[in-house]
Each structure stands twice: as C-alpha cells, then as structure tokens.
Amino acid sequence: MHEDEIDDEAPILAIAAAAELAGMHPQTLRQYDRLGLVVPARTPGGSRRYSLRHVEQLREIARLSGEGMSLPGIARILELENRVRELHTRVRDLEARVEAELANRPGARVFAAGPGGSVITLRHGRRVRRATEIVLWRPRHALPPASDTPAGDD
C-alpha cells in the first residue's frame with residue numbers, strides 16, 4: 001500500500017458518515033450491527049467506527065435486500081465473502097514466503113545413502129549409481145553456505 005492510499009479496513013468513519021456513504025439511515029446501521037451483519041470497530045468511548053469495506057458491505061446488503069434476499073441469507077453471504085478474503089490474504093502471504101524461501105536458497109541439496117547407510121551429500125549435477133536411493137532434503141532452518149567438497153571426499 002502506498003502512503004497516499006486509504007486502508008479499506010481502517011475504522012475511520014463515524015456512523016453518520018458511513019450511513020450517508022451507504023445511502024442508509026444510521027438506525028439501519030445500528031440494526032445491522034445488532035444482527036451481526038456489519039459489525040464496526042468501537043472507540044474507547046463505545047462509538048461505532050466504520051471502514052470503507054464496511055460501507056461496501058452495507059451497499060451490498062441494500063442491493064441483495066432489494067432483490068428480495070433475507071437478512072440471514074445476506075449474513076451467510078457476507079460471512080463467506082469474509083472467509084474468502086481471509087483465505088486470499090493467507091494464500092498471498094504464503095506465496096510471498098515461498099518466493100522468499102526460494103530466493104534465499106536456490107536449488108535443493110541432494111543426498112544419497114551410502115552402502116553402510118551413511119548420508120552422502122552430492123554435488124550439483126553429479127550422477128549416482130542406480131542402486132543408490134536419492135532423497136530430496138529441504139532444511140527447515142537457514143543453513144550456512146556449503147563448501148564445494150561433499151562429505152566423505154576429504
């Protein structure tokens with residue numbers, strides 16, 4: 001987010017402003033809050049504070065209600081939309097973590113099992129005998145850079 005953008009999730013609007021932006025009466029917003037349809041943040045003094053996303057939801061409620069949908073049905077739709085939004089955010093965060101992980105550790109280390117069961121690190125591009133089991137290993141923690149000499153070649 002850029003410095004000049006407003007956070008859609010920031011609870012910055014008083015009930016009168018949110019009601020005006022949504023094209024509703026403030027009492028309707030209070031009723032939706034009681035029903036759990038659109039639950040605003042609260043100031044320490046207990047005043048309701050709405051975000052731009054709340055205003056979007058209020059407009060959507062008005063549209064769906066105008067099409068004849070019941071308030072419980074609208075509540076379920078909003079619940080599912082919120083869940084989808086949370087999952088999108090989580091996926092985006094996980095993708096960023098995977099991208100960072102791949103950037104910090106290009107390539108995977110490859111190990112082979114030696115004849116006695118010992119673990120042998122293989123150099124990149126080195127072929128192994130067909131009888132040797134290959135296991136792809138990805139450490140959970142950052143490792144110091146590996147030297148060019150594999151274990152056992154000293």
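**Charged side chains in the predicted model**

Asp 33, Arg 42 and Arg 48 are joined to one another through a network of salt bridges. The model examined here is a predicted one, and its salt bridges number 7 in total. One of them pairs Arg 48 with Asp 33, whose side chains meet at 2.8 Å, N to O. This pair ties together distant parts of the chain, since Arg 48 belongs to strand E2 while Asp 33 sits in helix H2 (residues 26–35), with the two positions 15 residues apart in numbering. Strand E2 itself covers residues 48–49. The side chains of Arg 48 and Asp 33 are also joined by a polar contact of 2.8 Å.

Are the two partners of this bridge buried or exposed, beginning with Arg 48? Arg 48 has a relative accessible area of 18% and is therefore buried, as buried means under 20%. Asp 33, at 11% relative accessibility, counts as buried too. The link between strand E2 and helix H2 is thus made by a buried arginine and a buried aspartate.

Helix H3 offers another setting for charged pairs. Here Arg 63 and Glu 60 form a salt bridge of 2.7 Å, N to O, between their side chains. Both residues lie within helix H3 (residues 52–66), and their spacing of 3 residues is about one turn of the helix. Arg 63 is partly exposed, with a relative accessible area of 41%, and Glu 60 also counts as partly exposed, at 22% relative accessibility. Glu 60 falls in this class because its value lies between the limits of 20% and 50%.

Arg 63 has a further partner in Glu 67, and the side chains of these two residues meet in a salt bridge of 2.8 Å, N to O. Glu 67 is exposed, its relative accessible area being 57%. Arg 63 thus takes part in salt bridges with Glu 60 and with Glu 67.

Turning to the surface, which residues form a negative patch? The patch is made up of Asp 4, Glu 5, Asp 7, Asp 8 and Glu 56. Among them, Asp 4 is found in the segment that comes before helix H1 (15–22). Asp 4 has a relative accessible area of 69% and so counts as exposed, the class that begins over 50%.

Definitions and conventions. Residues are numbered from 1 along each chain as its sequence is written. This is a predicted model: local features need pLDDT of at least 70, side-chain atom pairs count only at pLDDT 80 or more; totals for chains, interfaces and linings use all residues. Side-chain values use heavy atoms; hydrogens and water are left out. Patches are made of residues with over 30% relative accessible area and no salt bridge: like charges are joined within 9 Å, nonpolar side chains (Val, Leu, Ile, Met, Phe, Trp, Tyr) within 5 Å. Accessible areas come from the Shrake-Rupley method with a 1.4 Å probe; for residues, only the protein chains shown count as cover. A salt bridge is a side-chain nitrogen of Lys or Arg within 4 Å of a carboxyl oxygen of Asp or Glu. Lys and Arg count as positive and Asp and Glu as negative; His and the chain ends are not counted. The place of a charge is taken as NZ of Lys, CZ of Arg, CG of Asp or CD of Glu. Helices (H or I, at least four residues) and strands (E, at least two) are DSSP runs, numbered from the N terminus. Buried means under 20% relative accessible area, exposed over 50%, partly exposed in between (1.4 Å probe, protein chains only). A polar contact is a pair of N or O atoms within 3.5 Å; within protein, one must be able to donate a hydrogen and the other to accept it, and residues adjacent in sequence count only if both atoms are side-chain atoms.
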